Amino acid sequence: MQSNRDRIKEMIEHISTFNDADPGEGISRFSYSENDAKARKYLIDICEDIGLKVRVDAVGNVFARLVGTDESLPVVMSGSHIDSVKNGGRFDGLVGSIGALEAVRVMVEEGYQPKNSIDIVFFAEEEGSNFQVPVMGSKLLTGKLTVDDIKEIKNEAGITAYDMIKNAGYDPDNMPNDVIAPGTVKNMIELHIEQSVRLDKEGHTIGIISGIAGLNWITITLEGVQNHAGATPMFLRQDPMVAASKIIAEIDGIAKAINDTIVATVGYIEVTPNIPNAIPNGVKFVVDVRDIQQETIQQCVDEIKAVTEKYAKENDVKFTVEKTASSEAIKIQDYIKEVMVEQAEKLDLDYVLMPSGAVHDSNYMAEVTDVAMIFVPSVDGRSHVNEEYTDWDDIKAGVDLLLNTLVAISQ
Ligand SMILES: [Zn+2]
């Protein structure tokens, strides 16, 4: 089955008119705003027109169901979010939301009736634009956030998430009844723009996600002895900067030696007192380590600890190594990857298997079901800006793969 490129374009362009940003300044559409309500109505009307059963949960996540022949089976789910960051782009979230809608629309037109029901989902409040709490809709849906939690979360004006959701016409107190029970969803498949440069640089149309990266933040502190930069001979120094620079210089090699998917970055460093004419007394930096396998993240962290110890001793400085943030890597099951690869080959698409480093609704849906993701290229890797762009042919290719994958796993 094939999706309709012009219809996808028309729907994405129409949704872009529900926008609070000034002309030329991209898209600002926050969840629970008037324009968000208009965008939802537009989508819900289409879903109802093609005969889907629409349900909106207690916090505004929308589900539109193509009823399967065996309603006792777990549903197959696909969709994404329809909110944006402030002055964001047209494609983030919308490609996966409109993509799922288009996929199901084609099934209806072709007379395909799945065995498992298929739910299109439009998640609420993914970007965290209101409350600086990303993926709030899917966190509530999977029980990671509770009604009590959203009574504590406030926006800049001091309005709680609970009140904002209520004022938008929903009934957040009912959310416990809408939390997804394990076993009720067979798979969640999300199409999304890549929001980075790989597909565009390498010239691929499709990224089939091989795993969703987990993260560790390792904070390393080194403590030496502050002294005069001119009067202290080199052999008498306890210089934490020398130790830090040697550790940091090794990190690149440690990551490269482990595998092709792991990434390790030092993007934050603090030096005290940070003046040019004194040996510093302290250096603190954070190593951000990500990979799609938990074991290799741990291996990388262990190796970084070992070089920290080595160079701290060599330079006679004290050190601590602390894990200050972490999230688990998410495995994409082989059977679902195999279905996607098979369908991509049937459709003759130029695809590559690649890890995902970012957080999407699917990261949380992974708590309750086997998830999968499909990426399409972001031109120059740009996202969350007005310049965000994905070629319409690439979007169509992504929707085609989504459509045929959904068919393959729902029959
Ligand atoms: Zn997104």
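A residue is termed buried when its relative accessible area is under 20%. By this criterion, buried residues make up 54% of the 411 residues in the protein, which is shown here as a predicted model.

**Figure 1. Overall fold of the predicted model.** The protein contains 13 helices and 15 strands. Its C-alpha trace extends over about 80 × 50 × 40 Å along the principal axes. The radius of gyration is 24 Å, which agrees with the value near 22 Å that a compact globule of 411 residues would have. Among contacts with a separation of 6 or more, 78% are between residues 24 or more positions apart. The protein exposes about 17,900 Å², and 48% of this area is supplied by carbon and sulfur atoms. Its side chains include 37 positive and 67 negative ones, with the centres of the two sets 2 Å apart.

**Figure 2. The zinc site, with His 81, Asp 92 and His 192 as ligands.** Coordination is through NE2 of His 81, OD of Asp 92 and NE2 of His 192, at 2.0 to 2.2 Å. Along the chain, the donors follow the spacing H-x10-D-x99-H. His 81 belongs to strand 3 (residues 75–81) and His 192 to strand 5 (residues 185–193), so the two histidines tie together parts that are 111 residues apart in sequence. His 81 is buried, because its relative accessibility is 0%. His 192 is likewise buried, with a relative accessible area of 1%.

**Figure 3. Surroundings of Phe 123 in strand 4.** Strand 4 comprises residues 118–123. Phe 123 has a relative accessible area of 1% and is therefore buried. Beyond its neighbours within four places in sequence, Phe 123 is in contact with Asn 61, Ser 80, His 81, Ile 82, Ser 138, Leu 141, Met 188, Asp 361 and Met 365. One of these residues, His 81, is also a ligand of the zinc ion. The C-alpha atoms of Phe 123 and Asp 361 are separated by 7.6 Å, although the two residues are 238 residues apart along the chain.

**Figure 4. Asn 155 in the loop between helix 5 and helix 6.** The loop that holds Asn 155 connects helix 5 (147–152) with helix 6 (161–167). Asn 155 counts as buried because its relative accessibility is 16%, below the limit of 20%. Apart from neighbours within four places in sequence, Asn 155 is in contact with Asn 130, Phe 131 and Met 164. The C-alpha atoms of Asn 155 and Phe 131 are separated by 4.7 Å, and these residues are 24 residues apart along the chain.

**Figure 5. Backbone geometry at Pro 273, Val 135 and His 384.** Most residues other than glycine have a negative phi, and most peptide bonds are trans. The bond that joins Thr 272 and Pro 273 is a cis peptide bond, with omega about 0 degrees. Pro 273 is located in the loop between strand 9 (263–272) and strand 10 (278–279). Val 135 has a positive phi, near 45 degrees, and is placed in the loop between strand 4 and helix 4 (136–141). With a relative accessibility of 2%, Val 135 counts as buried. His 384 also has a positive phi, of about 60 degrees; this residue is found in the loop between strand 15 (370–376) and helix 13 (392–410). At 35% relative accessibility, His 384 is classed as partly exposed.

Technical notes: Residues numbered from 1 in each chain as written. Predicted model: local features only at pLDDT ≥ 70, side-chain atom pairs only at ≥ 80, totals over all residues. Heavy atoms only, no water. Donors = N, O, S within 2.8 Å, 3.2 Å for Na, K, Ca; no water. Helix = DSSP H or I, 4+ residues; strand = E, 2+ residues; numbered from the N terminus. Buried < 20%, exposed > 50% of the residue type's maximum accessible area, 1.4 Å probe, protein only. Rg over C-alpha atoms; globule rule 2.2 N^0.38 Å. Contact = heavy atoms within 4.5 Å. Areas by Shrake-Rupley, 256 points an atom, 1.4 Å probe, with all protein chains shown as cover. Lys, Arg positive; Asp, Glu negative; His and termini not counted. Charge placed at Lys NZ, Arg CZ, Asp CG, Glu CD.
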